[in-house]
Amino acid sequence: MFFLESEDTEMETFRQRWDLLGEDVAIEGEDGLWNCHIHTDDIGGCIEAGIEAGRPRRIRIRDLYEEVGELEADLEAGAFSPLSSVLDAPIGVVAVTEGKGLVERFRQLGVQQIVPGGRAGGPSREDLLAAVDEAPADSLIVLPNDVGTVPIAEQLNALTTKTVAVVPTRSIAQGLAAMLGYVPGADDLDAQLEDMAVAAGAIEFGEVARATREASVDGWRVMSGDWLGIADGRVVVVDPDRFSTLRGLAAAILPTQAARLTVYTGAGSQRADIKALEAWVGETHPAVQVMAVDGGHKSLPYLVVVE
């Protein structure tokens, strides 16, 4: 990971270089300053690409193979251990999420504490408060990652001696995006909040869920067992077929200038759906890269993020 000072005109070539050098590429920013993240075995090549595009600074390199092993052991023991590099961060982050893959992703991005919770059930105020108290930093930003958890998170500042602020993320996808704006060494809480809020708002996101009862919602007649494509809390497609719903959701949220579509897979996901989605995107949006990441969440088969 590093920050890159570069002219906007250089970034498309830089992104193409990184796409060839590794996976899970994330590049966010504007006006000459970019936050860049990649998983790769070619560390030198990635830094050289940054030098060719501009000036990399605050370069951070982590051994993810070692960290994943540590994380799995922590989760099996019912504990969460943040990266050692963020233990002394003056501003920490507490995030609500579920599933080993998503917990790992938030850990890699620098959260100090995780609160279990997902679409099937959010955490209580007591759960959130306990996580705030356990986090090392005295100033904390909470990512609720669910509409119903936002108002609960906003009560925390009055219940603890720590300073607690909230980026009102409405989904896990938005929470992941917000972390791309997080800088562990930053000490200006207002500026950090603004940067994370901007990063959270820079994506399109949605999810595929299954209806458990008949209902009328957002103008759709839904039958029990139907699959729902939900974009930013609004139902945009209903279909009895899971893949048709995933494809319809992608079509609804893919902007013209999209660069990448990431699907976080959970319980009930099928590799055939991902392959079919890759083929469809290749035909209809050939410039868009499709990535599948094992989120490990149990409440949904697919979370979809478009950058």
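Which residues are exposed on the other side of helix H10? The legends below address this and related points. This is a predicted model, in which local features need pLDDT of at least 70, side-chain atom pairs count only at pLDDT 80 or more, and totals for chains, interfaces and linings use all residues. Residues are numbered from 1 along each chain as its sequence is written, and side-chain values use heavy atoms, with hydrogens and water left out.

**View 1. The two sides of helix H10 (residues 271-284).** Helices (H or I, at least four residues) and strands (E, at least two) are DSSP runs, numbered from the N terminus. Asp273, Ile274, Leu277, Trp280 and Val281 of H10 are buried, that is, under 20% relative accessible area (exposed is over 50%, partly exposed in between; 1.4 Å probe, protein chains only). They cover an arc of only 125 degrees around the axis, which puts them on the same side of H10; the arc is that of the directions from the helix axis to the C-beta atoms. Ala272 and Glu283 are exposed on the other side of H10. The buried residues pack against helix H9 (242-253) and strands E14 (260-265), E15 (289-294) and E16 (302-306).

**View 2. Arg260 in strand E14.** Arg260 is buried, with a relative accessible area of 3%. Its side chain forms a polar contact of 2.8 Å with that of Glu307 (a pair of N or O atoms within 3.5 Å; within protein, one must be able to donate a hydrogen and the other to accept it, and residues adjacent in sequence count only if both atoms are side-chain atoms).

**View 3. Helix H5 (residues 125-134).** Leu128, Leu129, Ala131 and Val132 are buried in H5. They span an arc of only 160 degrees around the axis, which puts them on the same side of H5. The face turned away from this buried side carries exposed Glu126 and Glu134.

Key
Expected span 1.5 Å × (residues − 1). Contact = heavy atoms within 4.5 Å.
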